[in-house]
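Open the structure in your viewer and keep the selection panel at hand. We will go one stop at a time.

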Amino acid sequence: MRITEEMRRSMAATKADMDMAMEDPELRAEVDSEKAKYAVLELVESIMRSASSMRKINSFRKSFHRDFTVSVSFGNDIPAPAFRSAQKIAFA
C-alpha cells in the first residue's frame with residue numbers, strides 16, 4: 001500500500017492532535033500508567049514463555065494434573081489475569 005499525500009496530511013493532523021492532548025498532565029499520567037501496565041504484562045509473558053519456565057509449568061501440570069493462573073495486580077487490588085495454562089497467555 002502506498003501512502004498518499006492525503007494520508008500524510010491526515011497522519012500529521014492526528015499527530016498534532018495527539019501532541020496537543022498529551023500536554024494535559026492528567027492524560028499524560030494516565031497514558032504513562034497504561035504503558036507501564038503493558039510493560040509489566042510483557043515482562044510476565046516473556047518470563048512465563050521462557051524455556052525454563054515452560055519446563056517448570058509442564059512439570060507442575062504433569063505432577064498435579066492441574067492448570068493454574070498467574071495474576072498481576074496493579075495496586076488496585078483487582079488482579080489482572082496474565083497467564084492461563086501452559087498454552088495460553090491472555091492480557092487483561
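**A short tour**

Start with the whole protein chain. This is a predicted model. Colour by secondary structure: the protein chain holds three helices and two strands. Follow the sequence from its start, and the order reads α-α-α-β-β.

Now switch on the surface. About 7,400 Å² of the protein chain is accessible, and carbon and sulfur atoms supply 56% of that area. How many of the 92 residues count as buried? The share is 14%.

Next, look at contacts along the chain. Take those between residues at least 6 apart in sequence: 34% of them join residues at least 24 apart.

Select Leu-41, Val-44, Met-48, Ile-57 and Val-72. Together these five residues form the largest nonpolar core. Which element gives this core its largest share? Select residues 25-48: this is helix α2, and three of the core residues come from there.

Then colour by confidence. The protein chain has a mean pLDDT of 79, and 79% of its residues reach 70 or more. Where is confidence highest, and where is it lowest? Select residues 5-21 for the high end: helix α1 has a mean of 94. Select residues 80-84 for the low end: strand β2 has a mean of 53.

Last stop: residues 84-92. Here pLDDT stays under 50. The model still has 25 contacts beyond four places in sequence for this stretch. Look, but with care: where pLDDT is low, predicted coordinates should not be read in detail.

Note on methods: Residues are numbered from 1 along each chain as its sequence is written. This is a predicted model: local features need pLDDT of at least 70, side-chain atom pairs count only at pLDDT 80 or more; totals for chains, interfaces and linings use all residues. Side-chain values use heavy atoms; hydrogens and water are left out. Helices (H or I, at least four residues) and strands (E, at least two) are DSSP runs, numbered from the N terminus. Buried means under 20% relative accessible area, exposed over 50%, partly exposed in between (1.4 Å probe, protein chains only). Contact means heavy atoms within 4.5 Å. Accessible areas come from the Shrake-Rupley method with a 1.4 Å probe; for residues, only the protein chains shown count as cover. A nonpolar core is a set of buried Ala, Val, Leu, Ile, Met, Phe, Trp, Tyr and Cys residues joined through side-chain atoms within 4.5 Å. pLDDT is the predictor's confidence in each residue, from 0 to 100.
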